[in-house]
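Subject: A structure for you to explore

Hi there,

Here is the structure I promised to pass on to you. Have a look at it first, and then read my notes below with the model open beside you.

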Amino acid sequence: MSHQATTESGARERDKQVSQQRTEEFRKAAVVKFHSRGSRTVEEVARVLGVSSWSLYQWSKRYGNAEGMKHNRRPADRSVQDKLKAVIEYEGLQGDKQGEYLRREGLHSDHIAAWKKRMEAGLEGGGGLSAASRTERAQDKQKIKELERELHRKDRALAETAALLVLKKKADLIWGSGESQ
């Protein structure tokens, strides 16, 4: 066995011994921090907690899906329904309870404010497209299609003209210019 493998094996054994000294509450709290670490690396979270990244992964396997433990995910990964639910729940709370809710859900008040603003804008806008808007949109799509076809035709014509110009210059170089005769 190589020196590095022996060193890693020894480090794992020490981690197991230290790991056995940690309380179950500490481990579960560490897993929550691990899952809601945001852009921080696993190594950074482990260093802050004073444990190895290996321990975090092992605890995550054990406690990550435990009953009562939510798998926190990034705010951007949440569905529209989750965002709506979060705004409603947050708005229903007062003072310190709002802060507790944000920490528990891994959110920031800016997330809630932005989601609320977008929802209000959607409600004020009528939520859907009117018949006139749909007709206008269909006409715009048709116009775009026509313009793209015309642009493609003009691109081909320009390429053909450029090719003819190159051929004329080559012919002039080989046989001389027709203007001198």
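Let's start with a small group of charged residues: Arg 78, Arg 104 and Glu 105 are linked in a network of salt bridges. A salt bridge here is a side-chain nitrogen of Lys or Arg within 4 Å of a carboxyl oxygen of Asp or Glu.

Before going further, a word on where the values come from. This is a predicted model, in which local features need pLDDT of at least 70 and side-chain atom pairs count only at pLDDT 80 or more, while totals for chains, interfaces and linings use all residues. Residues are numbered from 1 along each chain as its sequence is written, and side-chain values use heavy atoms, with hydrogens and water left out.

**The overall layout**

The chain has eight helices and zero strands, so to speak a run of α-α-α-α-α-α-α-α along the sequence. Helices (H or I, at least four residues) and strands (E, at least two) are DSSP runs, numbered from the N terminus. Of the 181 residues in the chain, buried ones make up 18%. Buried means under 20% relative accessible area, exposed means over 50%, and partly exposed is in between (1.4 Å probe, protein chains only).

**Back to the salt bridges**

How many salt bridges does a search of the whole structure find? The search gives seven.

One of the pairs in the network is Glu 105 with Arg 78, whose closest N and O atoms are 3.7 Å apart. This pair links distant parts of the chain: Glu 105 sits in helix α6 (residues 96-105), Arg 78 sits in the loop between α4 (53-63) and α5 (80-91), and 27 residues separate them. Are these two residues buried or exposed? Glu 105 is buried because its relative accessible area is 7%, and Arg 78 is buried because its value is 10%.

Another pair is Glu 91 and Lys 116, again with 3.7 Å between the closest N and O atoms. Here too distant parts of the chain are linked, with Glu 91 in helix α5 and Lys 116 in helix α7 (residues 109-124), 25 residues apart. Glu 91 counts as partly exposed because its relative accessibility is 38%, and Lys 116 counts as partly exposed because its relative accessibility is 30%.

A third example is found within one helix. Glu 24 forms a salt bridge with Lys 28, and their closest N and O atoms are 3.6 Å apart. Because they are four residues apart in helix α2 (residues 24-35), about one helical turn separates them. Glu 24 is partly exposed at 40% relative accessibility, and Lys 28 is partly exposed at 33%.

**The nonpolar core**

Now look for the largest nonpolar core, which has eleven residues in all: Ala 30, Val 31, Phe 34, Val 42, Val 45, Ala 46, Leu 49, Val 51, Leu 56, Trp 59 and Tyr 63. Which helix supplies the largest share of this core? The answer is α3, with four residues, while α2, α3 and α4 each supply at least two. By nonpolar core I mean a set of buried Ala, Val, Leu, Ile, Met, Phe, Trp, Tyr and Cys residues joined through side-chain atoms within 4.5 Å. In soluble globular proteins, nonpolar side chains tend to be buried together.

**A closer look at α4**

The buried residues of α4 are Ser 55, Leu 56, Trp 59, Ser 60 and Tyr 63. They lie on the same side of α4 because they cover an arc of only 135° around the axis. That arc is taken from the directions from the helix axis to the C-beta atoms.

In the loop between α3 (42-49) and α4 you will find Ser 52, which is buried because its relative accessible area is 16%. The side chains of Ser 52 and Ser 55 are joined by a polar contact of 3.0 Å. A polar contact is a pair of N or O atoms within 3.5 Å; within protein, one must be able to donate a hydrogen and the other to accept it, and residues adjacent in sequence count only if both atoms are side-chain atoms.

Enjoy exploring, and write back with any questions!

Best wishes
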